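Work through the exercises below with the sequence and the coordinates at hand, and try each task before reading its solution.

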Amino acid sequence: MPEFDAYARYYDLLYRDKEYEKEAAFVHDLLTTHAPAAGSLLELGCGTGRHAKLLAEYGYEVCGVDRSAEMLVAARQRHGGHPGLTFVAGDLRELSLQRSFDAVISLFHVMSYQTDNASLNAAFRTAADHLVPGGIFIFDCWYGPGVLTDPPVVRVKRLSDESIDLTRISEPDLHPQQNLVDINFEVLIKEKGGGCHTIQETHTIRYLFAPEVSLFAEQAGMVVERVCEWMTGGELPDQAWYACFVLRKSNADRSDDGLIPA
Ligand SMILES: C[S@@+](CC[C@H](N)C(=O)[O-])C[C@H]1O[C@@H](n2cnc3c(N)ncnc32)[C@H](O)[C@@H]1O
């Protein structure tokens, strides 16, 4: 079973305190700065569709793609029928929608879930292939210098809603030779009406470094236009765990030296 399928039922409870509104506002600001005319967005790894729905409320047409059937069920249940919003099933590494968007976005570490070079290459190519010339690709990811400066530790999260009490234990396993962290999740679910069960999932995350992002971008015909700290937009300190990249697809109307051909 792909990661997130068992987890999906509890995803919005687990992240109910995540600041989706502020994050959507941050992405809207980036779009306003770097692609002010953007009207159409492709979101790679949209999950339960919370950013997509908020960005649709800003007036963007948003197409969200995810490979987890269960995450898409939740997205469609919660936001299906919202104007300007569509959800499509697919693996972002093999996606071919046969249309272009003004911007591609990928939020909450989806690029870090592409753990090998081939997958990252394919993901960046998907973004470029679905962009208009000069369009931008915005994503956030785990940032290598921050993860190595302040390595992940065991965490316990406890949450409740009207029907369940949930405890999630996250045990990280760092693989510094591969730039990977296996996060072993154990989720204990106690039904308030009686009964309990456990879910175990390992999510492998790749922390990224700016030079390799430049390389993957170049290989896909894009350049890094901005790298900043996620959610502040400020300079990226070495200790930052979460980076945000803005890549721009080369403009076919321009020659390699950036000049518009005669
Ligand atoms: C941490 S969740 C983020 C979901 C959503 N962007 C959010 O902010 O809530 C990562 C999502 O990426 C999806 N994902 C990871 N790799 C993928 C791939 N290769 N193709 C499509 N979806 C993928 C997972 O199914 C999951 O829904």
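The exercises that follow treat two helix pairs and the ligand site. This is a predicted model, in which local features need pLDDT of at least 70 and side-chain atom pairs count only at pLDDT 80 or more, whereas totals for chains, interfaces and linings use all residues. Residues are numbered from 1 along each chain as its sequence is written, and side-chain values use heavy atoms, with hydrogens and water left out.

**Exercise 1.** Describe how α2 and α3 cross.

Helix α2 covers residues 20-34 and helix α3 residues 50-57, helices being DSSP runs of H or I with at least four residues, numbered from the N terminus. Their axes come within 9 Å and cross at roughly 55 degrees, where axes are lines fitted to C-alpha atoms over the stretch in contact and angles run from 0 to 180 degrees between N-to-C directions. The two helices are therefore oblique to each other, a class left over once angles under 35 degrees (roughly parallel), over 145 (roughly antiparallel) and 65 to 115 (roughly perpendicular) are set aside. The contact (heavy atoms within 4.5 Å) involves Tyr20, Glu21, Glu23, Ala24, Val27 and His28 of α2 and Arg50, His51, Leu54 and Leu55 of α3.

**Exercise 2.** Characterise the packing of α5 and α7.

Helix α5 (residues 117-129) and helix α7 (residues 210-219) pack at about 55 degrees, with axes 8 Å apart, and α5 and α7 are therefore oblique as well. On the α5 side the contact is made by Asn117, Leu120, Asn121, Phe124 and Arg125, and on the α7 side by Val213, Phe216, Ala217 and Gln219.

**Exercise 3.** Which residues are closest to the ligand?

Of the 21 residues that surround the ligand (a heavy atom within 4 Å), the closest are Tyr11, Tyr20, Gly45, Asp66 and Leu107. An N or O atom in the side chain of Tyr11 is 2.8 Å from a ligand oxygen atom, while a backbone N or O atom of Leu107 lies 2.8 Å from a ligand nitrogen atom.

Definitions and conventions
A polar contact is a pair of N or O atoms within 3.5 Å; within protein, one must be able to donate a hydrogen and the other to accept it, and residues adjacent in sequence count only if both atoms are side-chain atoms.
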